[in-house]
Structure formats: structure tokens, C-alpha cells
Amino acid sequence: MALRVAVVGGGGSGLTCIKSCLDEGLEPVCFESSDDIGGLWRFKENPEPDRASIYHSVIINSSKEMMSFSDFPVPGHFPNYMHNSLVMEYFRMYADHFRLTKHIHFNTKVLQIKRRSDFSHSGQWDVETENKEGKKEKHIFDAVMICIGHHCQPNLPLHDFPGIDTFKGKYFHSRDYKTPEEWRDKKVVVLGIGNSGGDIAVELSRFTKQLYLSTRRGAWVANRVSDNGLPRDMLNDRMTQLIRRNLPFRLICSMAEKKVNQRFDHSLYNLKPKHRLFSQHPTVNDELPNRILSGTVQVKPNVRRFQGSSVEFDDGSVEEDVDLVVFATGYRFSFPFLASQVVSVCENKASLYKNVFPLELERPTLAIIGLVQPLGSTLPVSEMQARWATRVFKDIIKLPTAATMLKDVQSKQEAMAKR
């Protein structure tokens, strides 16, 4: 009898998990809390609680060549960098081709996942769900794959910004931003220079009276279009990876920083960060330097305080009559349906072997898929994680001892801390 696997979430990672289960002869049952597939990439005018939300103009930062699933390439006539609507179209084609949708229970929320009383022997899980009519059901599964991503719970650190309660304008998190037209001839501050912050700043700056981009630490900014007009991530080939593995980290960073500074000197733009280029994710944005040069985007340091409609920055400068503040301050993730003993999350980090398997379980029958932020697309990584996890579930592949896995996690954490 085939092992039954619960897949939580019907986004890109959830879809490839269903596919991997079918490839391995397992029986997947996917629970998706919304009425459609797509997860992060499904645009909605009104953000829904505990669900990822994007703005209308979002274009993927990975080229189609590097984000495709291995056995179903993105169609050749699609552009290299796809609008979110085309990403959704690709997901639908993938789901239809491999007949994945029939395994998905839509409008079904997972309330609780807990180990069965005989877990040390069976490795099984009790899963409780609730549909949109409020009907609750309990299920038994041999394994669980969690694919909810890390863009569901906005990080809105208002306590770090004195006087925000006195601010007379409007403020919201970047997940609530949709389109720029209503902010024509207004003054806007965008807090944060990650990919969302950069995109929103550039888009709004075409309409606003003035756009201020506030950043605590600066950022390395990379463009999508690279040498000879090729997508940037297509240059990240095996030879490049071989060089990175065999040359000192500082030397690799220096070479890459010199390359991006040839396009624009980050120091002159007040963007040069203290961290090295490969220590954190660069911001991918082709237009930001042009908007800064045109003055439509002004780079500012961190906000010191708000007072009425004015905003004071750490350099002492004050901007009056600010109408909107967009907090592009990232996200937090958690697993509210899981006991903390199963997966512990501390400071937005989870201790997972190879970012997939919890360390504390006697049986490796639960996997977290897609909880990664690689230098590239998440989708191929999720596909490889799903293939690996399903074979571990079938006992074809054995995990190392708990001590070995813990050592691996700790060594990676130490390496990241050094960077």
C-alpha cells in the first residue's frame, strides 16, 4: 500500500512535491487554504491574512532558463524574465501536464499537525483540517511536506521608529502595496532596499513628487541584464561555481564588487554596504541607478523619528509633508500548526538539516520544502528537495545520525555568522 503524504500549500514548491510523490509511487494529498494554486505568485487586489501577496507589476528576478522545473521547461516564446501572470500561467501548464490539481483540496486550512502516539515506531502524523464551511476533519498520514514559504507574515517593526503613532500620513507594509497611481505628486518614503523596496521605490518615483529610499546598511545592486545582453543568472554556470569554491571568499567578493561598481560606483550613490557582496542577497534592479541620477529617488539613511507629517533621518535631515511610508522590511515565518518541539524557529531561523529535515524527530517523515533564499530561483531547489525527501520517506535514502546532522547545521550557521 502506497505511503500517504500530506502536502501543505499549493504554490510552486507544493506542486513539485505532489509531482515527486507521484514519481515515487506515493499518494499525495495537498491542502491549499485558498481557492487556487500559485502561492506567492497569485496576484490579488486585496491581501488576505496569513497569505503571501504581491504588487501588480512584479517581475521574477530569475530568468526562465534558470527557474524552470527540470522536466517541464518554460515555453520558448515566454520572455526571459516573466511577469507574475506568466509565472502563474506556467504553473497551470505544469499542473495540467502532470495532472496535479486532482490531488489538491482547495479552501482547506491545516489547523494542526502532530505526531501520533506510536510515532517512534510508525512515523505517522495526525493532521486536522478545516474547509471554508467550517467542517473539521482528522487524517492520518505517513509523511508530511510543508510548503508554505516565508512571505506570509509581514515584519512591521513599528517599535523601532519613534513617533510613528503621530504620523499624519499613511503607512503600510510592502505586501499591501499594489499600484502607484494614487500617489501621484505625493511625497513618499520607502523603508528598506531589498528587492521589494527597490522595485516599489522605482515604480512610485515615476508618479511621486519625491521618493525617499531609506536604508540602514545600503546594498549591492545587481541588474537582470548582464554581459552581452544575457540574463545575469545564466552566467552563474558550473565553471563559476568551481572558481567560487576554490578561491578565497574575500577575493571572490572583491572581483564581483569591482564588476558591479563598473556599472555604477555604490559609494557615489550612498549605497555601498559594509557587508561583502556574497554575504547577503544583492538587490536585483535595473532601473534604480537611473532613478537616483535623475533625482526622482533620493537615497537616505535610516529613519530616526516621525513627527506629525515630517520624517527625520539619521543624518539629521528632515523631510516635511510626507504622505506615505512603505515598510519594505521583510517577513517572518512560523509554523503555527506544528508543535515547537517539532520545528523550533528562533530569530527567523529554523534548525533544519540541509534546510529540509528537523533535527529532533526520531523518524524522518516530515520535510520543510522551499524555505530557502538561494542566489537564484527557489523552484529548482524545491524540486531537488522534494525528490530527496520522498526517497527518504521511502527509506531508499538514509539520513546521517542526529549528531552528524547537528554538526552540519552548526557549521553552516558559523560560516554564515563569519560572513
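# Sheets, cores and spaces in a predicted model

Colleague: What is the strand order in the open sheet of five strands?

Modeller: This is a predicted model. Its open sheet of five strands has parallel pairing. The order is 3-2-1-7-24.

Colleague: Which are the edge strands of that sheet?

Modeller: Look for strands that pair on one side only. Two fit: strand 3 (104-105) and strand 24 (366-368).

Colleague: Which residue of strand 7 is the bridge partner of Val5?

Modeller: Strand 1 covers residues 4-8, and strand 7 covers residues 143-146. They pair in the parallel sense over four bridges. Opposite Val5, the bridge partner in strand 7 is Ala143.

Colleague: Do strand 4 and strand 5 pair in the parallel or antiparallel sense?

Modeller: Strand 4 spans residues 108-115 and strand 5 spans residues 125-131. Seven bridges link them. One facing pair is Gln112 in strand 4 and Glu128 in strand 5. The sense is antiparallel.

Colleague: Which residue in the turn between strand 5 and strand 6 has a positive phi?

Modeller: Strand 6 (residues 136-141) pairs with strand 5 in the antiparallel sense, over six bridges. Val127 stands opposite His139 there. The two strands form a hairpin with four residues between them. The turn residue with a positive phi, about 90°, is Gly134.

Colleague: Which helix gives the most to the largest nonpolar core?

Modeller: Nonpolar side chains tend to be buried together in soluble globular proteins. The largest nonpolar core here has 68 residues. Phe91, Met145, Val190, Leu204, Leu271 and Leu288 touch the most other members. The top contributor, with six residues, is helix 3 (residues 84-97).

Colleague: Leaving aside neighbours within four places in sequence, which residues are in contact with Phe91?

Modeller: Phe91 is among the core members that touch the most others. Its contacts, with those sequence neighbours set aside, are Gly12, Leu15, Ile37, Gly38, Trp41, Phe69 and Leu379.

Colleague: How many residues make up the other core?

Modeller: This core lies apart from the largest one. Its members include Trp125, Ile146, Leu338 and Val343. The count is 24 residues.

Colleague: Is Ser174 buried or exposed?

Modeller: Ser174 sits in the loop between strand 9 (170-173) and strand 10 (187-191). Beyond four places in sequence, it is in contact with Ser196, Ile200, Val326, Phe327, Ala328 and Tyr331. Its relative accessibility is 4%, and the cut-off for burial is under 20%, so Ser174 counts as buried.

Colleague: How many charged residues are in the lining of the largest cavity?

Modeller: The whole structure holds one cavity of 30 Å³ or more. The largest cavity has a volume of about 50 Å³. Gly39, Arg42, Lys44, Pro47, Glu48, Arg51, Ala52 and Ser53 line it. By class, two are nonpolar, two polar, and the charged residues number four.

Colleague: Which residues of the lining are closest to the centre of the second largest pocket?

Modeller: The second largest pocket holds about 340 Å³ of space. Its lining has 23 residues. The closest to the centre are Glu362, Arg363, Pro364, Thr365 and Val392.

Colleague: Which elements give two or more residues to the lining of the second largest pocket?

Modeller: The lining divides into 15 nonpolar, three polar and five charged residues. One strand and two helices meet the two-residue mark. They are strand 23 (357-358), helix 9 (378-393) and helix 10 (402-418).

How values were computed: Residues numbered from 1 in each chain as written. Predicted model: local features only at pLDDT ≥ 70, side-chain atom pairs only at ≥ 80, totals over all residues. Heavy atoms only, no water. Core = buried A, V, L, I, M, F, W, Y, C linked by side-chain atoms within 4.5 Å. Buried < 20%, exposed > 50% of the residue type's maximum accessible area, 1.4 Å probe, protein only. Contact = heavy atoms within 4.5 Å. 1 Å grid on protein atoms, 1.4 Å probe; cavity = no way out; pocket = protein on both sides within 12 Å on 5 of 7 lines; lining within 4 Å. Points joined across faces, edges and corners; volume = space filled by probe spheres on them. Nonpolar A, V, L, I, M, F, W, Y, C, P; charged D, E, K, R; others polar. Pairing = 2+ DSSP bridges.
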